[in-house]
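I opened the notebook for this one with a plain plan: look at the fold, the cores, the hollows and a few single residues. Here is what I looked up, in the order I did it.

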Amino acid sequence: SAVSEFFSPLNYRGAYDLSLSQPLLRGFGRSITETSLRIAIRNVEASRLAMRRAVETTVSSVVSSYWDLVYARRNVEVQERALSEASELLEINRRRLEVGTGTELDVISAEANIETQKASIIDAVNQYRDLQDVLLDKVNSPEFRIGGDSGPMFRDLEVIPTTSLELPDFPVVMAEAVEAALITRLELLQSDIEIANSADQLLLSEDQLRPNLSVDGGWNQPGNDISFDGSWSNVGEDYSWNAGVNFEFPLGNRAARNQMLQSRENLRRSHVSREQVSHAIVLEVTRAVRELLSARQSVETTRAATRLRRKELDGETRRLEVGVSTAYQVLQVQNSLLQSQVSELQSRVRLRKAIATYRNATGTILSGRGIQLD
């Protein structure tokens with residue numbers, strides 16, 4: 001008997017096949033089909049915002065460490081000037097001892113004060129070196145390390161701050177600062193992204209509760225031959241098509257319902273989280289403004305105190321030289337002047353750090369330092 005070519009296992013079968021399905025309820029509409037794409041795009045933006053905020057935090061930390069280093073270096077200079085003034089008092093006491101107007105105890109007290117001041121200088125220098133290492137570690141440049149990127153130690157170098165502590169006018173208004181922060185802070189933009197994503201997830205969950213109704217159709221044109229080329233050459237001699245409506249209604253659908261309830265709760269939490277972030281930013285900016293204003297007042301008062309202590313020391317020194325004052329009184333005023341100078345230095349650095357904190361709280365730390373990110 002003859003073998004049919006159509007059913008031969010050696011035949012080649014080609015075909016054009018087209019099938020279409022259009023949902024009418026579940027999964028219907030552009031808003032539903034593009035949901036995952038919108039979420040993915042927002043996640044990319046959220047990652048970019050997180051990276052930018054990390055840069056802002058890093059810059060703020062580096063600026064703070066820089067001003068700590070400025071304080072440490074200036075403190076060494078203040079201690080060295082105090083040592084010089086202590087040496088001058090020692091010479092005065094020695095001259096007074098020679099002419100019989102002073103005592104040996106005055107000389108011993110001045111010498112002890114010099115040794116104490118030398119110890120303070122040693123501590124100040126060590127603090128300066130430690131803070132220098134902290135700043136270099138935050139900058140994280142391999143050229144500063146012995147051995148490159150993985151080097152555990154820094155090279156024997158000195159960081160010399162060049163930015164002046166003298167501060168230009170920096171006006172701050174509380175209400176304006178808070179309003180600006182609520183616009184520029186990246187955490188709020190991230191919260192908005194989270195809310196939008198949660199809303200889209202809820203949209204998807206609600207869509208899954210709908211019945212599945214779709215219009216389906218198809219078109220098929222087969223070809224068949226003992227050769228590959230022949231199987232395509234006779235495509236179109238026969239065809240078939242189909243059309244229909246598909247309807248599915250899940251009973252109960254508890255999984256989709258539970259997912260919808262969870263998505264609704266996630267959206268509510270996203271709104272609550274944004275409110276919490278907003279309140280935290282307002283509190284942070286409020287504290288930053290108060291600290292800045294307080295630091296500015298501290299600079300004014302400590303500067304005035306240093307100026308008055310300097311006048312007091314000059315007066316007591318002249319009184320000592322004419323025999324009206326005592327070496328002990330001059331020594332006390334010298335120590336008071338030193339404390340005033342340190343306090344003034346601390347307040348000036350505190351003001352600079354308060355400005356950096358304020359800029360970080362208002363989301364302007366990068367623009368304030370002239371830093372731009374692509």
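**Entry 1: the cores.** Before looking, I fixed my term: a nonpolar core is a set of buried Ala, Val, Leu, Ile, Met, Phe, Trp, Tyr and Cys residues joined through side-chain atoms within 4.5 Å. I also kept in mind that this is a predicted model. The largest such core has 24 residues, and I found that Trp 67, Leu 165 and Val 349 touch the most other members. The helices α2, α3, α8 and α9 (365–368) each give two or more residues to this core. I noted α2 as the top contributor, with eleven residues. There is also a second, separate core of 18 residues, and I listed Phe 170, Ala 177, Ala 354 and Ala 361 as being among its members.

I then went back to Leu 165 and asked which residues it touches, not counting those up to four places away in sequence. My list holds Trp 67, Val 70 and Arg 74, followed by Leu 345, Arg 348, Val 349 and Arg 352. Two of the names there, Trp 67 and Val 349, are the ones that stand beside Leu 165 as the core members touching the most others.

**Entry 2: the chain as a whole.** I counted nine helices and five strands in the protein chain. Reading along the sequence, I wrote down the pattern β-α-α-α-β-β-α-α-β-α-β-α-α-α. The chain has 374 residues, and 36% of them are buried. For contacts between residues at least 6 apart in sequence, I noted that 80% join residues at least 24 apart.

**Entry 3: confidence.** How far does the predictor trust this chain, by mean pLDDT? The mean is 85, and 87% of the residues reach 70 or more. Going element by element, I found the lowest mean in helix α6 (residues 228–233), at 62, and the highest in α8, at 93. A reminder to myself: where pLDDT is low, the predicted coordinates should not be read in detail.

**Entry 4: the cavity.** I searched for cavities of 30 Å³ or more and found one. Its volume is about 50 Å³. Which residues line this cavity? I wrote down Ala 82, Glu 85, Ala 86, Asn 113, Gln 117, Gln 334, Asn 335 and Leu 338. Helices α2 (35–99), α3 (104–139) and α8 (327–361) each supply at least two of the lining residues. By class, I sorted the lining into three nonpolar, four polar and one charged residues.

**Entry 5: the pocket.** Next I turned to the largest pocket, which has a volume of about 220 Å³. It is lined by 13 residues, and I marked Leu 167, Arg 296, Val 299, Arg 303 and Leu 351 as the closest to its centre. The elements giving two or more residues to this lining are α7 (254–321) and α8. Of the elements, α7 gives the most, with four residues. I found six nonpolar and seven charged residues in the lining, and no polar ones.

**Entry 6: single residues.** I started with Gln 341, which lies in helix α8. Is Gln 341 buried or exposed? It counts as buried, because its relative accessibility is 11% and the cut-off for buried is under 20%. Leaving out residues up to four places away in sequence, I saw that Gln 341 touches Val 78, Thr 306 and Arg 310. I also noted that Gln 341 and Arg 303 are 38 residues apart in sequence and 8.0 Å apart in space, C-alpha to C-alpha.

Thr 35 came next, and I placed it in helix α2. Thr 35 is buried, with a relative accessible area of 0%. Beyond its neighbours within four places in sequence, Thr 35 is in contact with Asp 200, Leu 203 and Leu 204.

Then I looked at Lys 118, in helix α3. Lys 118 counts as partly exposed, at 39% relative accessibility. Lys 118 and Glu 80 are 38 residues apart in sequence, and I read 8.2 Å between their C-alpha atoms.

My last stop was Glu 321, in helix α7. Glu 321 counts as exposed because its relative accessibility is 51%, and exposed means over 50%. Glu 321 and Arg 95 are 226 residues apart in sequence, and I read 9.6 Å in space, C-alpha to C-alpha.

Technical notes: Residues numbered from 1 in each chain as written. Heavy atoms only, no water. 1 Å grid on protein atoms, 1.4 Å probe; cavity = no way out; pocket = protein on both sides within 12 Å on 5 of 7 lines; lining within 4 Å. Points joined across faces, edges and corners; volume = space filled by probe spheres on them. Nonpolar A, V, L, I, M, F, W, Y, C, P; charged D, E, K, R; others polar. Buried < 20%, exposed > 50% of the residue type's maximum accessible area, 1.4 Å probe, protein only. Contact = heavy atoms within 4.5 Å. pLDDT = per-residue confidence, 0-100.
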